[in-house]
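User: I am new to this structure and would like a close look at one part of it. Please start with the whole chain and then go to that part.

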Amino acid sequence: MKRKLSVRFYAVKRLRKTDPLLASVLDEIYKKPLGDRKVDCDGMRFRLERLNKSNSKVFGELNRIQEDDYPSEITDDGAKPLGVNSDLGHGVVFCFDPTRHLIAIPWDPNLRSMVKFEAYLSNAHPGAAFHFEPRMKKDAWLEFEQHPIKRFSVSLAGFEGLSGLEGDKQSAFEGLTRFGSGYNSHTLKLTLSRGHKGGSLMEGIKSIASELLAKADVRGMSAKTDVKGDGEINLIDQVLSESVEVDFPRNDPIERYARLSKVLELAMIKNKDNL
């Protein structure tokens, strides 16, 4: 069955220069027995399922493990319990270029903008600490970075797992998290503006924007600069992505992995000048 996916690209950064490289960390995790590769990340379980190298790239698959609430098996006699005794796996395939420190991966909301991937690596391999920074389209993002900001809006979902922001930003969003959860809210929209008083927001708003895109489940983000005109920059649209169509096999995880690996490699090659 053919299905469209959005491939996103991230710069892989170590939090400390003395930390091990991503390729080495993946190798060490993959050497472990399958059972030892299973790691809990804030209520979700993940396991590094596959890993191989080809054309100077590292390909792998991270499985999100489903242990309950299985889907039904559809038969001519109606919906039946799924006839399996094992857990289910939802695989996310990735392509990593260790030379350029870039990773291509299909967008998956369960990874919370790669936060779960970061958590998996650090939990499965003590001493590993990575930050995945989304690559952006250059022109509009440059306008956002180079001009004073008059208004900034962001909509977040799943913000209960938001962590790792720098300094006071972490405590600020923890307060917003408590406020939202107190009213059983699933999404939170925040707008900061100078209103009719003129002037612009402080420069720190720009670093908040990039951190949220990397660490939160962002559903919307826009900004208005001091450039003349009433238009706003849709910052979500400025995340560099490639729309691809994949012909998925019906029930063959090895073939699925091979097809997605090829698609991700081609997407990285196609966008090499923008990365």
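What radius of gyration does the protein chain have, set against that of a compact globule with 275 residues? After that, which strands does strand E1 pair with?

Analyst: This is a predicted model, in which local features need pLDDT of at least 70 and side-chain atom pairs count only at pLDDT 80 or more, while totals for chains, interfaces and linings use all residues. Residues are numbered from 1 along each chain as its sequence is written, and side-chain values use heavy atoms, with hydrogens and water left out.

The radius of gyration of the protein chain is 20 Å, which agrees with the value near 19 Å for a compact globule of 275 residues. That radius is taken over C-alpha atoms, and the globule rule is 2.2 Å times the number of residues to the power 0.38. The C-alpha trace spans about 65 × 45 × 40 Å along its principal axes.

The protein chain holds seven helices and 14 strands. These are DSSP runs numbered from the N terminus, with helices (H or I) of at least four residues and strands (E) of at least two. Two strands pair if DSSP finds at least two bridges between them.

Strand E1 covers residues 2-14 and runs antiparallel to strand E14 (residues 241-247), joined by seven bridges. Here Val-7 is opposite Glu-242. E1 also pairs with strand E8 (residues 102-106), antiparallel, through five bridges, and Tyr-10 has Ile-103 as its bridge partner there. With strand E9 (residues 130-134), E1 again forms five bridges in the antiparallel sense; Arg-14 is bridged to Phe-130.
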